[in-house]
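Please examine the following structure. The discussion below asks how each descriptive term is justified.

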Amino acid sequence: MWKLFDKLRRTPIETIPFDSPPPAAHGARGMPVVNGAVCGGCRQCVAACPTGAITWAEGTWSLDLRRCLFCGACAEVCPNDAITQSNTYALATKDPARLTVAVATTGRCSQEVR
Ligand code: SF4
Ligand code: SF4
């Protein structure tokens with residue numbers, strides 16, 4: 001048994017590099033993407049998000065990808081269809097700044113939530 005462990009310990013770990021991540025499985029959800037031209041700042045997505053990943057302030061829609069579950073609740077409630085669920089899922093990074101998405105919004109929304 002010890003010989004087996006010793007052999008495993010000495011065997012180098014092989015990693016398989018890839019230039020781009022494999023495509024997401026059919027129907028898989030990825031990060032939500034907002035269209036700032038039609039987002040009216042009603043904040044219904046903010047209220048619907050179970051993790052508080054979205055904020056909207058002073059005309060800017062922001063998403064904290066460290067909190068996002070890719071659940072799709074924000075896209076479902078948006079009255080302007082401003083949010084689409086992409087299939088982008090490979091988001092790991094050593095740079096935390098890349099995990100915050102900020103989009104300037106210019107649209108109008110009739111269903112405001114305050
Ligand atoms: S996909 Fe879900 S967790 Fe992510 S921002 Fe939308 S509501 Fe929040
Ligand atoms: S218009 Fe859609 S994306 Fe913009 S704040 Fe309202 S629910 Fe969120």
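**Reasons behind the terms**

Q: In which loop does Glu 58 lie?
A: Glu 58 lies in the loop between strand S2 (54-57) and strand S3 (60-64); helices (H or I, at least four residues) and strands (E, at least two) are DSSP runs, numbered from the N terminus. This is a predicted model, in which local features need pLDDT of at least 70, side-chain atom pairs count only at pLDDT 80 or more, and totals for chains, interfaces and linings use all residues. Residues are numbered from 1 along each chain as its sequence is written, while chains are lettered from A and ligands numbered from 1 in the order in which they are written.

Q: Why is Glu 58 called exposed?
A: A residue is buried if 20 or more other C-beta atoms, placed from the backbone, lie within 10 Å of its own, exposed if 12 or fewer, and partly exposed in between. Glu 58 has 7 C-beta neighbours inside 10 Å, and therefore counts as exposed.

Q: What is notable about phi of Glu 58?
A: Phi of Glu 58 is near 50 degrees, a positive value in a residue other than glycine. Phi of Asp 81 is likewise near 50 degrees, and Asp 81 is found in the loop between helix H3 (73-77) and strand S4 (83-85).

Q: Why is Asp 81 called exposed?
A: Asp 81 has 10 other C-beta atoms within 10 Å, so it is exposed.

Q: What makes Ile 13 exposed?
A: Ile 13 has 4 other C-beta atoms within 10 Å and is therefore exposed. Ile 13 is found in the loop between helix H1 (2-10) and S1.

Q: Why is Val 38 called partly exposed?
A: Val 38 has 16 other C-beta atoms within 10 Å, a count in between the two limits, so Val 38 is partly exposed. The place of Val 38 is in the loop between strand S1 (32-34) and helix H2 (44-48).

Q: Which residues does Val 38 touch, not counting those up to four places away in sequence?
A: Val 38 touches Asn 80, Ala 82 and Gly 107; contact requires C-beta atoms, placed from the backbone, within 7 Å. Leaving aside neighbours within four places in sequence, Ala 82 is in contact with residues including Val 34 and Cys 39.

Q: What makes up the largest nonpolar core?
A: The largest nonpolar core has 12 residues in all, among them Val 34, Cys 39 and Ala 82. Such a core is a set of buried Ala, Val, Leu, Ile, Met, Phe, Trp, Tyr and Cys residues joined through C-beta atoms within 7 Å.

Methods
Two residues are in contact if their C-beta atoms, placed from the backbone, lie within 7 Å.
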